[in-house]
Structures are given as structure tokens and as C-alpha cells.
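Please open the model in your viewer and keep the selection panel at hand. The stops below go from one selection to the next, with a short account of what is found at each.

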Amino acid sequence: MLVLRAVVEDYIRSQEPVGSTSLTKDHDLGVSSATIRNDMAALEDEGYLIQPHTSAGRVPTEKGYRYFVDRLATVVPLNEAQRRGINSFLSGSVSLKDALQRSARLLSEITGQVAVVASPSLAKATLRHVEMVPVAMNTLLAVIITDTGRVAQHGLAVDAMPVIDEVNHLSTTVNEQCDGLSLSKAGEIVRSIADSTGYEDVREVAKALADAFESMALDERANELYMSGASYLAHSRSLADLAPLFDALEEQVVLMKLMSNLSEESNASGVGVAIGSESHTPGLLHASVVSSGYGRSTNASSRHDTPTQEEGSVTGGTSNDPVAFVGSIGPTHMDYAATMAAVKAVARYLTAFISKSGPES
């Protein structure tokens, strides 16, 4: 396994087949060159390495990269200067959208690869605040603010406009009873409020608001996908590989599903990696995807004084539940340790940004 680690690290650095002579010269493996040759042959037999040509050295296979990522790669935390650089660049963000755009640009510059950052999905958001304002004779505008800083606006049509004091009373009740709940759960609560005594005059408004919450909860897509660094692909791929890779990047729904699943099935370090065919995406057969989730730092239901187990499951909330992802796409010979560290650092920053952010500017 030490030989495998040395081969992978050397190939990542040089992108040239690695031979036993260079391993003997460049690494203190504590064994003879003959032993190294035997180990490389054994690794080839077991599918971890492949020899492109008879006289050439070996290069890692997908299986070799996978073992390296799972067992051998050491994700070294960013140093203080790098962390300061990230904080300095991202701390100037004036809104969630600005922070996501900056994060994509910064991550692509750090890794020299394509960076992809998704904005939080409304389906995974929890309610922070709602305001309802009359805007026409038969329409109110519901301004809905989530825990991630997202702001959504919904028009609520009514046959007759109720008294504004009654609307304000309904808003206060909804905010008191639904704060910190998932949008689907908030919709259920608002329906029960609509049918309760004392809210007869705003029943139509309450039911329209419940419809708006439930519509938002069904939106499984992340609102937007921010991408940066596509130009770096030209320096790392052959022309034959570029067309299918660009096609894969255009398939944003497929990309979001892949990277979202990776971030939710991440390893102990909080980072998920798909290598080549593991992505099950034709355009990414010669690429690797590294992804990490970011999101709320506390359980959404913990904002209530006496949360129940059922409420916790409805809000979908453990402290590690991601609301979106940040990731990097590059060649299979990418520097996995550095890429994983960079992705994790940016994800950590976005989690902190969301936890203290207010409504979008």
C-alpha cells in the first residue's frame, strides 16, 4: 500500500507513468528495487495499477484511486494563510447569492478545476419569518424568509380583502407556531390555524398561505447552480474528452443530483468523491467529482423549547443535514487531498455564513 500511495502521488504530480526506478530514487520505502517491482506487479494483478505499454511504468486505475482516497490520502487542513485568504475574499459578500458566486470563483482558483456551488433548496429550508402585505384589491404578497437567508415572494389571491389587523394577527400566529419548522410542516400548521376559532375572517388567506408553503416544499431543485473555472478544462483534458465533459456540465439537473447525493453520502471527513464511472454519467467517465454539503449548524427543531422526536424527523434536522453542496470537478489524476481540503473549507465557510445571515440583500 505504501507503493500504491507513492505511485498515485507521483502520477498526480507528473501525469507520467511511474516506474520502479523513480520510486526507489524518490521515496524512502525501505525495500529493494526488486521488491518494489514485485509489489507493482502484484498491484497490477489486483487491478490497482495498469501498464499502458510493455516498457512503460504504471498508472493508477479507478480502483487504485478509490483505495487511495478511502485509505491512503491524508486530507491536510488548509494553513493559516490559506484560511485567512478564504475569509478575506468571502467576508465581503453582501448577500447569499454574492457569497455563492464568490465561493465558486475562489474554489476554482484554488484547485484549478471546475467549481460548482448550489444555492439552498427550498425543500430543505425551514421557516424563519413571514409577512403578508396587501398589494391590490384582491391580492396579498407573502414575503417568506427561510433559515438559509432565502427570500421567496408569493401572491395570495382572495375574494375579499380582510381587515389588515386580522391579517397581521394571522402573521403573528404563523410566526409563533411555525418558526423553525420545515415548509411542509408549516403548511400543515397553517391549515389547522385556518380551521380554528377566531380566524374565520382570514381563513381564505391562511389556506392560500398554506398552499404557498406546500408548493415551496415540493421544490426539490436547488434554486441556482453557480459554476466557475470551465476554462481550466482545456489545460487538463484532450479535445476528444472535452465535448462530453461540457455536455455533462450543461446537464445541471443530473449534476445537482450527483453532487447532492455525494455530499449526503460523504465519508468521515465530510467529503464525498466519485471517480470516473462511479458517477454513472457518460461525460464524467474520465473525471472525478468531489463534493461536500453545507448548511445549518444546529438542528432546526432545536429552536423550539420542547421538540418532539416526530418534529425532528419532519424538519429533517440533524446537525449535519446539508441544505446544498459545494464541489469540484477535475481529471481523475487530480490532487485529491488538496481538492478535498479546499472543498471542505469552502463548505465550512458557507455553513457559517448561512447560520449568521439574515435575509438576502
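## First stop: a helix pair

Select α6 and α14, which are roughly antiparallel to each other, in what is a predicted model. For the selection, α6 covers residues 96-111 and α14 covers residues 336-356, and their axes come within 10 Å while crossing at roughly 165 degrees; since angles over 145 degrees count as roughly antiparallel, the description follows from that cut-off. The crossing in which α6 passes α14 is right-handed.

Next, show the side chains at this contact: on α6 they belong to L96, A99, L100, S103, L107, I110 and T111, and on α14 to T339, A342, V343, V346, L350, F353 and I354. Colouring these residues by class gives eleven nonpolar and three polar, with no charged residue in the contact of α6 with α14.

## Second stop: another helix pair

Move to α1, residues 2-14, and α3, residues 33-45, whose axes come within 10 Å and cross at roughly 80 degrees. Because an angle from 65 to 115 degrees counts as roughly perpendicular, α1 and α3 are described as roughly perpendicular to each other.

Here the residues to display are V3, L4 and V7 on the α1 side, together with D39, M40 and L43 on the α3 side. By class, the contact of α1 with α3 has five nonpolar residues and one charged residue, and no polar ones.

## Third stop: a loop proline

Now select P322, which sits in the loop that runs between α13 (309-314) and β10 (324-331). Is P322 buried or exposed? With a relative accessibility of 15%, P322 counts as buried, because the cut-off for that class is under 20%.

To see what surrounds P322, add K124, S263, E264, G293 and Y294, which P322 touches when residues up to four places away in sequence are not counted. Of these, Y294 suits a distance label: the C-alpha atoms of P322 and Y294 are 5.0 Å apart, although 28 residues separate the two in sequence.

## Last stop: the whole chain

Finally, clear the selection and view the protein chain as a whole, which holds 14 helices and ten strands. Of its 361 residues, 49% are buried, and the protein chain exposes about 17100 Å², of which carbon and sulfur atoms supply 50%. If you draw a contact map, consider the contacts with a separation of 6 or more: residues 24 or more positions apart account for 66% of them in the protein chain.

Key:
Residues numbered from 1 in each chain as written. Predicted model: local features only at pLDDT ≥ 70, side-chain atom pairs only at ≥ 80, totals over all residues. Heavy atoms only, no water. Axes fitted to C-alpha atoms, helices over the stretch in contact; angles between N-to-C directions. Helix = DSSP H or I, 4+ residues; strand = E, 2+ residues; numbered from the N terminus. Parallel < 35°, antiparallel > 145°, perpendicular 65-115°, else oblique. Left-handed = near helix turned anticlockwise from the far one by under 90°. Contact = heavy atoms within 4.5 Å. Nonpolar A, V, L, I, M, F, W, Y, C, P; charged D, E, K, R; others polar. Buried < 20%, exposed > 50% of the residue type's maximum accessible area, 1.4 Å probe, protein only. Areas by Shrake-Rupley, 256 points an atom, 1.4 Å probe, with all protein chains shown as cover.
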